[in-house]
Amino acid sequence: MAMAEAIARAAALLGAGICMGMGALGPGIGEGFVAGKACEGIARSPENASLITRTMLVGQAVSESTGIYSLVIALLLIFST
Amino acid sequence: MEFTQDYVQLAAFLGAAIAVSVSSIAAGIGEGYIAGEAVKSMTKQPESRDQVFRSMFIGQAVSETGGIFSLVIALLLMFGGFDVAAGGWQKAASLLAAGLAVGMGAVGPVFGAGYAGGQACKSIGRMPKHSNDILGNMLIGQALAQTSSIFALVVSLLLLYTVPNQPIDATVGDMILKSVAILGAGLSIGLGTLGPGTGIGTVAGRACDMMGKFPREKKEILRTMFLGAAVSESTAIYSLVVSFLLLFAF
Amino acid sequence: MKKGSLKRVFLIFFVIEIVLLIISGGLTKDLEIGFEKSKFVVRHVEKHGDLQEKITEEFQPDEYLLETGERGKIHGSERIYDFFAKVFGKAHAISAFMLLRMLLIVNFIIILIAVLTKKLLFDRPSKPQVLFEMMYSFFEEFVQDTLGKNFIHFTPYIFTIFLFIWVCNMIGLVPIPGFMEPTRNLNVPMGIGIICILVVHATSIKVKGIWGHFKNYLNPIENPLFLLDIVGEVSKVVSISFRLFGNVLGGAIIMLVVSSLVKFIMFPVGLNLFFGIFVGTIQAFVFTMLALTYIGVEIGE
């Protein structure tokens, strides 16, 4: 393998690792925040439990989309170079 | 070659130092938070002193788990008896990455578990009658938060034990590729557990707080906490998948 | 338990087993970590089909070695091994063989549970009947809360998944050499995860109709990010199965490393209590709850 190609591929692999690692930071904290607030809401008004749970899951799915973007980019970096 | 021996040993020691020092920063802050909240609630409600003290003790012990994982890896790195003579750059990268993974991977979960423990102490001080419920909730929440540090530990142990020595006829390009992929695997899981660990800790902390205020809805709160924590963990799992790919696909 | 549920439970088992068997031959790479003959073994099955052992010399296993293509000692029937070797190739034969053996044991335990709770008495219930009726009604309540009264017939499915994963996680506690959790093999959680997501989509099609279900995925005007929704469905399978796999594998590795550090003198009881019973139960429960909630989100309108 040529040296330049090897360095480029190595950079892509390192980039994939850092991409997924950093990309997991935001969604993790955000989803935790959503779920914490949902716990509060359910404790305050348990009669709306199913509505709150569904809203929580939808909100978490939306905030997780940036994590999925990171995953897609990381997989592209791993497999397409 | 003596030079080779030197840098593999150097990587092992560096990894051990990073693992213990980074994780102990987090452990100090997290456990300090628990102790602070416990002291605060003891001052406010001196009659619930015993329950608060017990929950502080247990909470700190569980938060410590991430730090203990790092200590185990550091001891293995220092006294594990790796093949330093024939290891090569690949082995050096894997030893450094093992330290990085478990050290950075412990930060988020320990913060999270610390927050959960602190909130639990606060609400036990307020409601000493329901201390068993709150304590159980705190334990489950902290265990959920620590699962991401278990992922980091798994990757780190795999880095220690499954990365083979560098082949003698490896070209410089192969060497760079393999070593950097291994470093990327360690960085991916190490950074990736930071967010989910803190997030799950937030969930558990809010759940403990609310359980102290509304103890009648404890079943609903527990269920929501389970679900929210499980979904928050998924990004840590993506990181685990990426680091498995980086470890084994090359 | 209702009258028809037992039959349904067996049917679900049958489907799970078949999917698992198909998948376990299909994945090209396996990572196996086990505790065989009081030795720590890490096996990494490569693409080209050789079983390679990569581990420090202290833990070298002397059996099951396939370096030269010869097979080592395997307890049990050799004819089954030959069959697997013919169907899946030599590298997969051992892992598929051991997985099948463990799954058969799990099946046996669950059939035993079914036999124990078969004789239902109203006025004088036996102890196992009380225990499992309690568990069943616990899950029935969850199903009713999440899906509503109309979908209460999902309870046997949900309870089967929980029981299967739970017995799989608990079986690692039995201190017999060669006993390992089937969930430690990636094929098992992956198979159950695929079944769960398929059930979600089938239920959604049944409730909303075919166009009502695929509207989300095939309508680029209303939903410009529809491709990401498809990625999200795949990532559901990945996250639900890797969560279980990672936790069980993590507990197993930690216990093995700790017991190898103390030279297998002391059985790490506290670690077994935490990782075996506590984490195993919690992760089985989380898996079940997620399988249930995915259905609830998809049909809930």
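A salt bridge here is a side-chain nitrogen of Lys or Arg within 4 Å of a carboxyl oxygen of Asp or Glu. By that rule, one salt bridge spans the interface of chain B and chain A. B:Arg206 pairs with A:Glu40, and their closest N and O atoms are 2.6 Å apart.

This is a predicted model, in which local features need pLDDT of at least 70 and side-chain atom pairs count only at pLDDT 80 or more, while totals for chains, interfaces and linings use all residues. Residues are numbered from 1 along each chain as its sequence is written, chains are lettered from A and ligands numbered from 1 in the order in which they are written, and side-chain values use heavy atoms, with hydrogens and water left out.

Start with chain B itself. Its secondary structure comes to 10 helices and zero strands (DSSP runs, H or I of at least four residues for helices, E of at least two for strands, numbered from the N terminus). The C-alpha atoms fill a box of roughly 70 × 30 × 20 Å along the principal axes. Of the 250 residues of chain B, 66% are buried (under 20% relative accessible area with a 1.4 Å probe, protein chains only; exposed is over 50%, partly exposed in between). Take contacts (heavy atoms within 4.5 Å) between residues of chain B at least 6 apart in sequence: 90% join residues at least 24 apart.

B:Ile58 gives a local view. The residue is found in helix 2 (residues 49-63) of chain B. B:Ile58 is partly exposed, because its relative accessible area is 26%. Beyond neighbours within four places in sequence, B:Ile58 contacts B:Leu135, B:Met138 and B:Leu139. B:Met138 lies 80 residues away along the chain, yet the two C-alpha atoms are separated by 9.5 Å.

Now return to the interface. The contact takes 41 residues from chain B and 43 residues from chain A. About 3,500 Å² is buried between the chains (accessible area lost on being put together, 1.4 Å probe, summed over both), and carbon and sulfur atoms give 80% of that area. On the chain B side, B:Leu177, B:Thr224 and B:Tyr238 lose the most area to chain A, together 16% of what that side buries.

Polar contacts (N or O atoms within 3.5 Å, one able to donate a hydrogen and the other to accept it; residues adjacent in sequence count only if both atoms are side-chain atoms) join four residue pairs between chain B and chain A, both residues at pLDDT 80 or more. Helix 7 (172-192), helix 8 (194-213), helix 9 (218-232) and helix 10 (234-248) of chain B each supply at least two residues of the side that touches chain A. Helix 7 gives the most, with 13 residues.

Notes: Buried area is the accessible area (1.4 Å probe) that two parts lose on being put together, summed over both.
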